[in-house]
Structure formats: C-alpha cells, structure tokens
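Student: I am new to this structure and would like a close look at a single part of it. Please start from the loops, and then work outwards to the helices and the charged pairs, explaining each term as you go.

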Amino acid sequence: MHEDVIRFLRGVPPFQFLPRPRLRTLAFGTQVAFIPVGEALESTTEDGMPVLHVVVKGGIAVENASAGLDGTAQGGETLGPGSVFGWPFGRAGAVPVTDQAENRDQLTAWAASDALCYLLPVRTVADALEDRPDLRELLAPGFGPALLDLGVSALARRSGLTWQGGRPWQTVTAGEAMPAGFAAAPVHVSLHEAARLMTERQRSAIVLLDDGGKAAGILTDRDFRSRVVAGGADHALPASALMSAPVLCVQAGTPCPDVMLLMAGRNIHHVVVVEGDEPVGVLSSHDLMVLRGVSPTALAERIGAASTLTELVEAAPRADALAAGLLGEGARAATLSATLPDLHDRMTARLFELGIAALGAPPCPWCFVVFGAAARREAWFRHRQWNGLVVGDAPDTHGADGCDADSGGAGMDDHVAAYFGTLARFVRDGLRALGFAPCPQGRMAATPGWTLTVAGWRDRFLRLAGAECGGTQTAGAADMPLPARLGMFDVRPVCGDAALGLRVATVADAALADAVRAGVCWPMAAGQTGQAERAGQAGRGGTPRAELLAGAHVMAAGHGVQPPATLARLDALAEELAARGGTTERMHAEVLHDARRACEYLLLRAAHAEFARHGMGDGANESGPDESGGDESNEDAGDGVPMAGDFAAPALAATGPGTPAGLDGLALRRVREMLRALDGVPGPCKAAQPHRREDGANAVAAGHAPVAPVAPVAPSRQGGRT
C-alpha cells in the first residue's frame with residue numbers, strides 16, 4: 001500500500017518534486033478514505049488531526065475551492081484525481097494549525113461521485129516541505145511565482161533545446177558564454193599594433209584600456225574594414241582616434257538573453273564583460289549565435305538589408321526558429337514579446353520600403369496598424385494578417401458627411417486611394433509570401449474599407465462599440481464575432497507615422513471604455529464561447545485564456561496602455577490599486593498579480609501547444625482558424641491540449657481518465673480560481689480614469705519596448721528608415 005501511495009504522489013505536485021525518502025515518510029502517515037457519492041468530507045481525522053486531501057479516484061465537489069486571498073469563497077468546482085485541498089496556510093505566511101478550526105469549518109466538500117482519497121497529516125506535510133517554501137506555495141490558494149517558475153521550466157524541458165551540460169540557455173551568464181582570453185591594449189597603441197594583437201589572439205575585437213585599466217573603447221574587425229582599409233586611415237594613428245566609445249560593458253553575471261536584447265537594441269555586435277570595473281572578456285553576437293543557434297541581432301540585420309522579396313522570404317522562417325529556441329530555453333513572455341514581434345514588424349516595414357521605392361513617395365502621411373494578438377505583441381510565431389492603414393492630411397469630415405467605414409474611406413481623393421490600395425496589396429501579397437496568411441474575412445489594409453482616415457476609424461470603432469456610444473449596428477459590427485470585435489480595439493502602430501497610429505489606438509481605447517461604462521454586455525461576453533446572442537447571458541463557456549485576455553482588456557479600458565499587452569494591462573491595474581494604500585485595494589492588487597502570472601503561463605502554454613501542432617512549417621496555416629475569423633473559440637485551441645512529459649504522472653501515464661493532471665492540471669485549476677477571484681476586483685467604472693488625449697500622448701508604457709523599435713518610414717522619402 002505504501003508503494004502505491006508513493007507511486008501516486010510522484011505524479012502530484014508538490015509531492016512529485018520531493019525525494020523518495022520524504023515520500024516514504026508521507027506514505028507511512030497516509031490514511032485511505034472511501035467517500036460514497038453525496039457524503040461530506042471531514043477536515044480532520046477521528047482523533048482531531050487536520051489532514052490534507054489528495055483525490056485518487058472519482059470527483060470531489062468543493063464549495064470554496066477558489067477561496068480568495070482573504071479566505072472568502074469565490075465559487076466552487078469539482079476536483080478530479082491528483083487534486084489537493086485542505087491546506088490551512090497561505091502564501092503570505094504560515095498560520096498555526098491550531099488556529100485554523102474556524103477556517104476548516106468553512107470548507108464544504110462532498111463526493112460528486114464515489115471517491116477515494118488519501119489523507120495526509122498537515123503537520124507531516126509541513127515538515128516534509130519545511131525547506132522548500134516554493135513547494136509549500138503550490139498548496140496555497142492563488143497563482144504564485146513558484147507555480148509560474150516551475151510551470152515554465154517544465155514547458156522548456158519538454159523541448160529538449162538546452163545549453164551544454166543540460167542547462168537552459170536562458171540561465172547562462174555572459175561570463176560563462178564568453179570565449180577564454182581576449183585582446184586588450186592601452187588606448188595610445190597604434191592601429192597597426194592593435195591589428196597585430198587581434199590577429200595574434202585570433203579575436204574579432206580589441207578592448208582599449210585607460211590608465212586605470214578600465215575599458216575606454218573598443219575596435220572591431222568591422223571598424224578596421226570601414227575606417228582603416230576603406231577609409232584610408234594612417235596605420236600609425238593611435239587606436240583611440242578610431243575606437244568606438246563609450247563601450248558597452250556588462251557584468252559577468254548578466255544573463256545571456258539580457259545581453260542579446262542590449263546588442264539588438266543598440267545595433268552592436270560586441271560587449272565588454274567586466275567584473276566590477278575590470279574587463280575580463282569580450283562577448284560577441286556570433287558567440288551567442290553559436291551558443292543558441294539563432295541570432296536575433298543577425299536576423300534583424302538580415303531583414304533590414306534585404307533588397308528583394310526573395311531575400312525576405314529566405315529570412316522569415318528563421319523568426320519561427322528563434323521563437324522555438326526561446327521557448328525551449330524557458331524564455332519568459334517579456335523576452336518573447338520584446339524580440340519576436342519586433343522581427344515581424346521589421347519584415348512588414350521592409351515590405352513597405354520596397355513598395356514605396358517602386359511606387360514613389362506617398363501622397364500623404366500614413367501608418368500601418370495591426371489588431372488583436374499582433375497588437376498585444378502576443379503572436380510569437382508567424383500568424384494570420386489582421387491590419388489596416390491610417391492616412392492623414394485628409395479633411396476630417398466625421399459626422400453626417402463623414403467617412404463611411406464600409407466605403408473604402410471617403411475623404412480620400414482617387415489618387416490617394418489608388419496609391420495606398422496598390423501599396424497595401426503589395427504588402428498583403430508580400431506578407432503572404434513570408435508566411436503570414438491573409439485573413440479569410442478580408443480584414444486587411446488591402447481590402448476596401450480598411451484604409452481610413454482617423455475620422456473613418458473613429459466611426460468604425462463607434463459602430464463596433466454599439467449604439468450606447470453613438471454608433472449604429474451596421475455591417476462590420478453586429479456580424480463580427482464577439483472576440484474579433486473586442487480584438488479590434490487592440491491597436492498598435494507598426495510603421496509609418498506613429499502619431500497617426502497612436503491617435504487611432506487612443507480613439508479605440510476611449511470608445512471601448514465608454515461602452516463599458518455605459519453597461520454594454522458584449523465586451524465581457526467576448527471572452528466566452530458563442531456569438532452575440534450570449535452577450536447578456538451569465539455563465540462561462542470560453543477557454544481560460546480567452547476569458548483572462550478579455551477580462552484584462554475590459555478592466556483596463558480607458559487606461560491607454562500602449563502597446564496594449566495583456567500582462568502590461570494587469571500590471572498597470574495592480575499598480576493603480578496598490579497606490580491607493582487601502583487593505584482591500586492591496587488585496588485586489590494581489591489578485592491582479594496572480595492573474596498576470598496565470599495569464600503568462602497560459603500564453604506560454606498556448607505557444608508550446610501551437611509549435612507542437614504545427615512546428616515552424618511555412619508560417620500561418622491558411623486553412624485553419626484565426627483570431628480575426630469566424631470561430632473565435634478555435635483561437636484558443638491550445639488551452640485544451642493535454643500536456644505530457646513533466647506535467648503528468650509518469651507512473652500512471654496510461655491509466656486513462658483517472659490519471660492525475662500533474663503540474664499543468666494544478667496550474668489550470670488555479671487559473672479558474674483567478675477568473676472567479678477577478679469578479680471581485682473593481683472594474684473600470686469604479687477605477688479612476690486618466691484624461692485621454694487623441695494624439696496618444698498619455699499612453700501608458702507597457703513595460704517592454706521592441707528590441708530596436710522600427711522607425712517610421714518617412715512619407716516624404718522613397719526608401720530607408722528615418
């Protein structure tokens with residue numbers, strides 16, 4: 001019997017992370033209880049000892065399984081095999097078991113079907129986890145940092161893409177990755193001597209040191225080619241005359257992903273690794289590329305240097321390869337969102353540059369914007385197109401004589417409409433060649449009605465928001481599935497005149513906020529399965545990810561977070577509540593922090609599932625579902641994919657429905673808790689709203705900028721970034 005208990009607990013978090021001797025100790029103190037259907041569970045044994053329940057077979061209905069951080073009930077659910085409940089301690093700190101009688105009496109649980117449970121003494125479990133606060137946290141309510149860390153690590157282990165020695169690349173430091181030895185010399189050394197030292201040490205760069213031994217500058221192979229050989233500089237000149245200064249230095253303990261982002265953001269290829277102020281080595285983008293197989297810096301340069309569509313097509317699959325590598329290394333959402341959408345943006349911007357070079361200068365300012373997951377920087381693989389164009393320098397004829405959102409953009413003369421129509425079709429076809437499939441519903445800039453002035457977009461968003469906000473339920477609103485309708489209010493400028501795009505983003509945010517304050521039901525219904533007829537119905541039917549994304553969007557409406565990333569929205573809301581200083585507000589802020597971690601886990605989980613289903617392939621599947629298309633529930637298909645490997649019980653992998661769901665099952669259960677807990681957090685109607693400016697100047701920074709933001713393509717120039 002003890003071996004059966006050990007075998008089962010090895011698939012149940014947090015016990016699956018304990019060594020066998022501790023599992024044996026737990027097994028010897030475990031009791032087995034059979035609970036007939038309908039019978040209530042006791043929170044203590046006959047001798048009054050509090051116990052932890054582990055469901056082995058059947059289902060247990062728990063009334064307050066989703067108790068909030070204050071212990072109040074938030075609803076209930078039925079717990080299946082592998083579920084653990086009855087832990088009397090919270091994440092904030094342990095409370096003596098003897099003081100928990102009142103709380104234990106609040107637990108109402110009964111057998112939803114004939115059930116078998118293991119009863120583990122709480123004190124024995126607490127002793128087994130005494131030196132593992134991260135594992136104790138898994139038993140407490142909420143989605144804590146430990147659950148996110150362990151979940152992300154388990155996702156990464158499934159891919160098998162690791163650094164030498166089995167360590168994820170994400171954990172490797174600059175000091176570990178840099179080559180042994182480096183070239184260094186005083187700043188007054190001649191260019192000739194500097195080149196000789198680089199050749200002798202077989203290095204691509206030399207660090208120039210000041211009198212105190214600190215890095216004063218750097219010279220690279222590229223500097224010698226461009227400034228000495230091509231520039232005809234005198235070889236006798238001191239190296240300080242041509243060195244790059246100041247030089248970027250990173251501490252030896254800096255993680256390689258951070259170094260990668262610094263290089264990409266400053267468009268450099270070498271950093272000096274230091275310990276304190278003392279240089280100890282040089283790390284290059286090539287070193288990182290060799291270490292992890294794909295260099296985002298090199299890929300960004302390759303995209304920018306592409307002179308033909310063919311060259312872009314050759315580079316595009318590497319972005320998906322980079323995404324797969326980052327996921328496999330355990331990269332977090334911030335790194336993925338800062339790196340991969342930036343590469344997608346660069347491809348799009350380069351297509352516009354190629355198109356403008358062929359067509360001539362645009363007749364007026366413009367901005368290319370994206371919607372939905374791409375706007376939120378949550379589309380990490382190549383995805384379906386969902387975009388539009390904003391054009392300026394046209395009369396603002398909003399109102400009775402305004403721009404008809406379905407007419408192709410009244411207010412633009414024929415020349416402007418023809419120019420941008422041709423350019424948009426060129427970009428649409430180019431993106432398709434790069435692996436970004438066209439939207440089957442035609443929600444793209446190349447489609448009439450999707451190139452509009454700011455006034456035209458304002459009218460479009462009023463229609464989408466509903467009659468309560470001054471719009472009308474016409475084609476393009478009522479016939480759009482609710483999740484796509486909500487996703488339209490996620491707007492982010494990609495290239496062109498960013499001010500135009502931010503104006504449209506601000507207009508969209510304001511229209512949604514007005515709709516929410518007016519009591520319109522459809523925004524929250526957009527996170528549920530179904531169409532418009534469900535807008536006023538209670539109950540949840542969508543995937544957890546869809547509900548969290550929709551909930552965060554609605555709660556943050558009017559806050560002007562840009563880019564409109566879900567995690568940034570939750571951060572902004574939590575910061576606002578915490579700043580008020582009240583106990584209730586701090587408690588609600590903690591719920592939002594938990595919701596953020598839950599959302600990050602679901603985003604990473606869905607990305608892993610997407611890669612498992614499709615691989616890198618040729619990009620977005622033109623025959624499958626898409627976020628802007630018809631059946632919006634399919635957009636979250638990855639939420640329902642069962643995760644194997646580190647998530648399930650290894651000893652019970654073939655036992656069918658009774659198999660414990662493992663770490664992934666625990667994470668999804670906590671996600672459901674967060675969804676119920678969010679119901680108690682005040683929405684935008686109760687939150688203070690910042691003053692909105694149409695130019696987007698009051699947009700809240702989302703916490704992560706692109707690696708190197710794609711500069712707007714100047715309307716007055718035919719090519720090149722400004």
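Tutor: A residue is called buried when its relative accessible area is under 20%, exposed when it is over 50%, and partly exposed in between, using a 1.4 Å probe and protein chains only. By that rule asparagine 267, with a relative accessible area of 53%, is exposed. Before going further, note that this is a predicted model, in which local features need pLDDT of at least 70 and side-chain atom pairs count only at pLDDT 80 or more, while totals for chains, interfaces and linings use all residues. Residues are numbered from 1 along each chain as its sequence is written, and side-chain values use heavy atoms, with hydrogens and water left out.

Asparagine 267 sits in the loop between helix H10 (256-266) and strand S12 (270-275), where helices (H or I, at least four residues) and strands (E, at least two) are DSSP runs numbered from the N terminus. Although asparagine 267 is not a glycine, its phi is positive, at about 55°. Glutamine 202 also has a positive phi of about 55° without being a glycine, and its place is the loop between H8 and strand S9 (205-209). With a relative accessible area of 67%, glutamine 202 is exposed.

Other loops hold cis peptide bonds. One of these bonds joins alanine 245 to proline 246, with omega about -5°, and proline 246 belongs to the loop between H9 and strand S11 (249-251). Another joins glutamine 562 to proline 563, again with omega about -5°, and here proline 563 lies in the loop that runs between strand S18 (561-562) and helix H22 (566-579).

On the other side of S18 is the loop between H21 and S18, which contains alanine 557. Alanine 557 has 0% relative accessibility and counts as buried. Its C-alpha is 9.0 Å from that of arginine 569, a residue 12 positions away in sequence.

That loop leads back to helix H21 (residues 544-555), which packs with helix H24 (residues 662-678) at an angle of about 30°, their axes being 10 Å apart. The axes are lines fitted to C-alpha atoms, for helices over the stretch in contact, and the angles run from 0 to 180 degrees between N-to-C directions. The angle makes H21 roughly parallel to H24, a label for angles under 35 degrees, with over 145 being roughly antiparallel, 65 to 115 roughly perpendicular and the rest oblique. H21 and H24 cross in a left-handed way, meaning that the near helix is turned anticlockwise from the far one by less than a right angle, whereas clockwise would be right-handed. In contact, that is, with heavy atoms within 4.5 Å, are Pro544, Glu547, Leu548 and Met555 of H21 and Val671, Leu675 and Leu678 of H24. Six of the residues in this contact are nonpolar, none is polar and one is charged.

Charged residues also appear in the 30 salt bridges of the structure, each being a side-chain nitrogen of Lys or Arg within 4 Å of a carboxyl oxygen of Asp or Glu. In one of them glutamate 3 meets arginine 20, at 2.6 Å from N to O. Because glutamate 3 is in helix H1 (residues 2-9) and arginine 20 is in helix H2 (residues 20-28), the pair ties together parts that are 17 residues apart in sequence. Glutamate 3 is partly exposed at 40% relative accessibility, and arginine 20 is partly exposed at 36%.

Within helix H8 (residues 191-201), arginine 196 and glutamate 200 are four residues apart, and therefore about one helical turn separates them. They form a salt bridge whose closest N and O atoms are 3.1 Å apart. Aspartate 223 and arginine 227 form a salt bridge at 3.7 Å, N to O, and both belong to helix H9 (residues 221-229). Aspartate 223 is buried, at 9% relative accessible area, whereas arginine 227 is partly exposed, at 31%. Elsewhere, salt bridges with shared partners join Asp149, Arg332, Asp571, Arg596 and Glu600 into one network.

To place these details in the whole chain, its secondary structure amounts to 24 helices and 19 strands, and 55% of its 722 residues are buried.

Notes:
Ala, Val, Leu, Ile, Met, Phe, Trp, Tyr, Cys and Pro count as nonpolar, Asp, Glu, Lys and Arg as charged, and the others, Gly among them, as polar.
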